[in-house]
Amino acid sequence: MFWILTICLFVLACLFVLLPVWLRQRSSNQQAEELRASANIALFHERVDDLESDLATGDIDKAQFDRLLLELQQNLLADTESEKDENNQSGSDNLHAKVQNASRMAIVVPVVLALLVPVAAYVLYERWGYFDNVSLTDLFERTMESAGNPQEAQELIVALGNVVQENGELPWAWYFLGENFANIGMFEEAQISYQRASELLEDDREKALVLGRVALAMYVNAGLEFTPDLSAVIAEARRLNPNEVSVLQLLAADAEQNQDWSAAIDYWRLLIQRDPNSPEAQELRNNIAAAQQMLQREEGAASGPVIEVALSLGEGVEIGRDITNEQIVFVAARNAEQEGLPPLAAVRMSVAELPALVRLDNSSAVGPFNLSSAQSVFITAT
């Protein structure tokens, strides 16, 4: 398909050059014919004027005049027909030969240049371009479309594996090989492929992108834990591009998992800046709002009241006969001075966790009010 499109574009480009040259040559030939016809007619009128002058002075009689005029008319007609039959053949006169030579050069030069341009472009592109990567475009596109298709990913692994075996200096072949390994969950092999691609790339932003993929693979291989090697890869990627998306997503996910809400908010805000109007940006704004609520609860819990409740099953209640381990228990604190309001704090647990010491504080709030909003409370376990 690539070569078919290349040939079609080459033919189209040649038409842009050759069609105007052909039209100009045709116009030049027509102009030359018109000039010669005009010259013959002018010469005819000049000879006629001479005959009329001779007739007026008596140098020739009427019969001679008519005979000579007929000869001039026949000669003019013969010259015109001869020029049409010869069809602009060279040698009629020096001027006509020069015109034809110039016209011939006007055609040959553009044709030669039109043929040399694609040859030179191909040679230069093969020398300095990314010809090998272009030839692999189909495999790269199939990789991007094969997410969720293990069979397709396996076929692409074989194809790209053959490519890197033949030429191990193609960074994007290694990168997309890693993508296919990741698609089928082979993250150790994906990490190796990504690392090889990062070693071959020279552009900072491209290298940072691939290092982000290296970091994700290392994170999975380390059991979703940060290791010194992983931290070093992340530091290098952020040095090359502080806003590399994969790295920011990884840092934000790790901060969220560790409930480091301040750090998670910072990373989410950087991700929003990449495309503020996208659906992903709106989802990140929702994450930021939820994280800010968690921070407020933690701050309130640190300064507010704390209630500890020792909870166990009543005497005579047997698990298996009266109740099951899977049943849910709600421990709630309500405002003792106002009935009918939602709980000020609540904790959910299962029967299997009893007996237990339950802690209620402002972070356990489930509504618009918390423990700090009441003077006295009563506790229920349901």
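**Salt bridges, two helix contacts and a small sheet**

Let me begin with a single side chain: Glu179 is buried, with a relative accessible area of 17%. I should say at once that we are looking at a predicted model, and everything that follows should be heard in that light.

What does Glu179 form a salt bridge with? The partner is Arg213, and the closest N and O atoms of the two are 2.9 Å apart. Glu179 belongs to helix H7, whereas Arg213 belongs to helix H9, which spans residues 204–221, so that this pair, 34 residues apart, links distant parts of the chain. Arg213 is itself partly exposed, at a relative accessible area of 23%, while Glu179 counts as buried because its 17% falls under the 20% limit for that class. As a general point, side chains of opposite charge can pair when their charged atoms come close.

Searching the whole structure gives seven salt bridges, and I would like to take you through two others. In one of them the side chains of Glu169 and Arg196 meet, with an N to O distance of 3.3 Å. This pair too connects distant parts of the chain, since Glu169 sits in the loop between helix H6 (150–166) and helix H7 (171–183), and Arg196 sits in helix H8 (residues 187–200), 27 residues apart. Is the Glu169 end of this pair buried or exposed? Glu169 is exposed, with a relative accessible area of 52%, and Arg196 is partly exposed at 26%. Nor does the story of these two residues end with the pair, for Glu169, Arg196 and Glu199 are linked in a network of salt bridges.

The other one joins Arg321 and Asp322, whose side chains meet at 2.9 Å, again N to O. Arg321 counts as exposed, with 55% relative accessibility, and Asp322 is partly exposed, with a relative accessible area of 43%.

Let me return to helix H8, which also holds Gln191. At 17% relative accessibility this residue counts as buried, and if we leave aside the neighbours within four places in sequence, Gln191 is in contact with Ala217, Met218 and Asn221. Those three numbers fall within the 204–221 span of helix H9, the helix that holds Arg213.

Further along, in helix H13 (residues 279–303), we find Leu295. Which residues does Leu295 touch, not counting those up to four places away in sequence? They are Trp261, Ser262 and Ile265. For the first of these there is also a backbone distance to report: the C-alpha atoms of Leu295 and Trp261 are separated by 6.8 Å, although the two residues are 34 residues apart along the chain.

I will finish with the strands. Three of them form an open sheet in the order E3-E2-E5, and the pairing is antiparallel. Strand E3 (345–350) and strand E5 (377–381) are the edge strands, each pairing on one side only. Neighbouring strands of this sheet are turned by 10° against each other on average, if direction is ignored. Strand E2, covering residues 328–335, pairs with E5 in the antiparallel sense over five bridges, and within this part of the sheet Arg334 stands opposite Phe378 in E5.

Conventions:
Residues are numbered from 1 along each chain as its sequence is written. This is a predicted model: local features need pLDDT of at least 70, side-chain atom pairs count only at pLDDT 80 or more; totals for chains, interfaces and linings use all residues. Side-chain values use heavy atoms; hydrogens and water are left out. Two strands pair if DSSP finds at least two bridges between them. Helices (H or I, at least four residues) and strands (E, at least two) are DSSP runs, numbered from the N terminus. Axes are lines fitted to C-alpha atoms, for helices over the stretch in contact, and angles run from 0 to 180 degrees between N-to-C directions. A salt bridge is a side-chain nitrogen of Lys or Arg within 4 Å of a carboxyl oxygen of Asp or Glu. Buried means under 20% relative accessible area, exposed over 50%, partly exposed in between (1.4 Å probe, protein chains only). Contact means heavy atoms within 4.5 Å.
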